[in-house]
Structures are given as structure tokens and as C-alpha cells.
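Here are a few exercises on charged side chains. Have a go at each one before reading its solution.

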Amino acid sequence: MKEIHLKLQGKIKRLTNNTFKFDERVGEGWFSAVYFLKTKEIAKKLKKDNRITMQFFQKENAVLCGTDEVLALLETFADNPEDLEVYSLEDGDKIEPFEPVLKITGPYQHFGFLEGVIDGILARRTSVATNVYEVVTAAKKSGKEKPIIFMGDRDDHFMMQAGDGYAAYIGGSKAQATHAMNEWWGKRGMGTMPHALIQLFEGDVVAACRAYQETYPDDDLLALVDYNNDVITDSLKVAREFGDKLNGVRVDTSNHMIDQYFCRHPEVMGTFDPRGVNPELLFALRQALDEEGFNHVKIVCSGGFDASRIQKYEEIGAPVDMYGVGSSLLKVHIGFTGDNVKLNGEHEAKMGREERVNPRLEKINFAKNHY
């Protein structure tokens, strides 16, 4: 059983390195800035009895993610982690600018070299979780909750997928494109057909869908309908062929293309940008499907969507049942800072910084199993 299920059942408090599987070189300082390593050696030699307090914060309204990973990092690589005094918020907590999310007190040489690694974990995980949360929130603007498919596999290094998928899960996305994205939280990747499948059948969308259905008969049939740049024509073709067995159609028109519908109906042009996936095309698609009795066929949109664009679509009531979102969810725009704010219990920090009190912080006890 995956740890996330044990956590949801209340059997463990936090995820551990059994989930994260850290590179052992973290403990050797391989991923730490060299000046932290040098300071560690000086502290060991000249200031080994000092205790410092380090607090971590950022400067946005955000959805926090990465705390379980950071605590597992400390438990795995800090010297004598059970002797550290650690307080932390939890993954999924809403946080405010400058609010401390983590505090660590102990000898610098025991944990200080991990400062940059901790900042990086919190920055990436919180950025992705926040991006996804904003998109999920935007997709509810019409009053109906619409799923978000996390399609970030092509927008970053593949080794990032497990952590990004977990952060997306914390942000509210339960549908993700690869098995790796689901690794930490326990489901399987989802998806139907790429343009490559339709290419194999020489642009024949119906033939591609038939092959898919015969090969994966238990899957929902979701047809990709922009291959020939004629979304409505191809949507009606597959709807007529498969009827109730067609679950939905996905529109992924390139932002450099104008769908054939507008070439056939130039009278509707002139007041909007007709390129790519746009509301006017989707309204026309919905109308065409409904007029032939295919009201059950859902419309899925992908290609260049972010929170702002989804919100606009929802505000005008664009007929979208699900959004596929990729690159905008992976932008790391929330940076964390680790500040040393106390020395041996007394204020000692760089000018302009001081310890901030946060009553929401929870004490962590590494001496107990799964703290």
C-alpha cells in the first residue's frame, strides 16, 4: 500500500523517504551550494555548540507543498535529526506572504547545508500546487466543477514527473497524463489518443477511433478531432459512427491555425481571433453535436490554457467539460528563503530580518515513527 493511503487513513502523519527515494548524494552535500558546505566545516570546528534558528518563507498567497518531502529530507540526511527542534505547516495549507512555513533549531552543522535544497523543494512543489489550484478554481467559475487533466509530461525533464504530479494532486488535479505523475499518490495515468494514432490511419479519425476501441474496449472513447483542422466535421463523423459509445471529443487546434469551420462561414468572422481553440468554435461544435442528438458527447479542450484563459471561458459559458493543461502549471514563480534569525535563543539576523511567529506551525518529533 502506498504511503499516501496510510496518511489519508490516519495511520501515518507524513510521507517518508519510502515515497521520495532521495539520491544518497544529498547527504554528501552534492546538491548543496559549496558555501553552505564550507560553513558547515567552520561551524564544526569553531562553533559546534551554537544553536541557530532558521525559518523558511515566501512572498505570495499560495498553496503550500513540499513539507512532507522536506521533513523526510531532514530525517534522512540531517545529523541527529531527533535532536532538532522542528515546526512545520502541512502540504495543502493556504499560506500568506512572509508567513513562516518551517522552522528548524539546532547546531548549524547538523542541517544548515540543506538550506538550498529545502528552498528548492518548497519552491517547485508550491509553485506547481498553486498553479494547479488557480486553474482548478478558475474551472469552477461557471458553478460546475470541471476536471483538469495535468498534461505536463512534455514541458519538463521526465525525472520531475513524480514530484510534479504529487504537487498537482495537492493543488486539486486528480487526472494526470503519465503513470509517473501518479507514483506518489497512487493512481494510474490517463489518456486516449495523440495525433500520431490518427496519422497511422492516414488522417481517418473514425478508423483510428475504431482501432482504439477494439484495443481498449473498457476505456471511455475520447476522439481527438483537430488532426484535419476540421473539428466539427470530424466530431460529427465519429459521433455518427459510435453514437452512445463516444464519450467525448478533444479539441487541440494549434494557435497558428484557423479551423475550416470559419472558412465555410466567413460571415461570423471579424470580431474575434479565429486561431486555435476559441469559444466561437466551441459554441459551434456544441450546437452541431446537439442538433444531431449527441448531447451526451463531452468537449475537452487543450493547448495553451492557463488560469486566466480558463476563467474567461467559464465567465462566458463556453461549452467545455474538461480542460487539459500543461506548461502553465510548471512555471516556478514562488521562491522560498531560509533565514537564520536566532543564535542561541537570541535575535541575531541580517538587517531587516527577524523571527516571525506563526501559531499554525506544528511541532515535529522525529523520535516517533512517522512523526
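**Exercise 1: an acid without a partner**

Work out which residues D259 touches, and whether it is paired or unpaired.

Step 1: contacts (heavy atoms within 4.5 Å). Leaving out residues up to four places away in sequence, D259 touches N229, D230, V231, P274 and L281.

Step 2: charge. D259 is buried (under 20% relative accessible area; exposed is over 50%, partly exposed in between, with a 1.4 Å probe and protein chains only). It has no salt bridge (a side-chain nitrogen of Lys or Arg within 4 Å of a carboxyl oxygen of Asp or Glu), and R264, the nearest side chain of opposite charge, is 5.1 Å away. Lys and Arg count as positive and Asp and Glu as negative, with His and the chain ends not counted.

Step 3: backbone. The D259 side chain reaches the backbone nitrogen of V231 at 2.9 Å.

A word on the source: this is a predicted model, where local features need pLDDT of at least 70 and side-chain atom pairs pLDDT 80 or more, while totals for chains, interfaces and linings use all residues. Numbering runs from 1 along each chain as its sequence is written, and side-chain values use heavy atoms, without hydrogens and water.

**Exercise 2: a buried pair**

Find the salt bridge between R125 and E69, and say whether the two are buried or exposed.

Step 1: their side chains meet at 2.8 Å, N to O.

Step 2: R125 sits in helix α6 and E69 in helix α4, 56 residues apart (helices are DSSP runs of H or I, at least four residues, and strands of E, at least two, numbered from the N terminus).

Step 3: both R125 and E69 are buried.

Terms used. A polar contact is a pair of N or O atoms within 3.5 Å; within protein, one must be able to donate a hydrogen and the other to accept it, and residues adjacent in sequence count only if both atoms are side-chain atoms.
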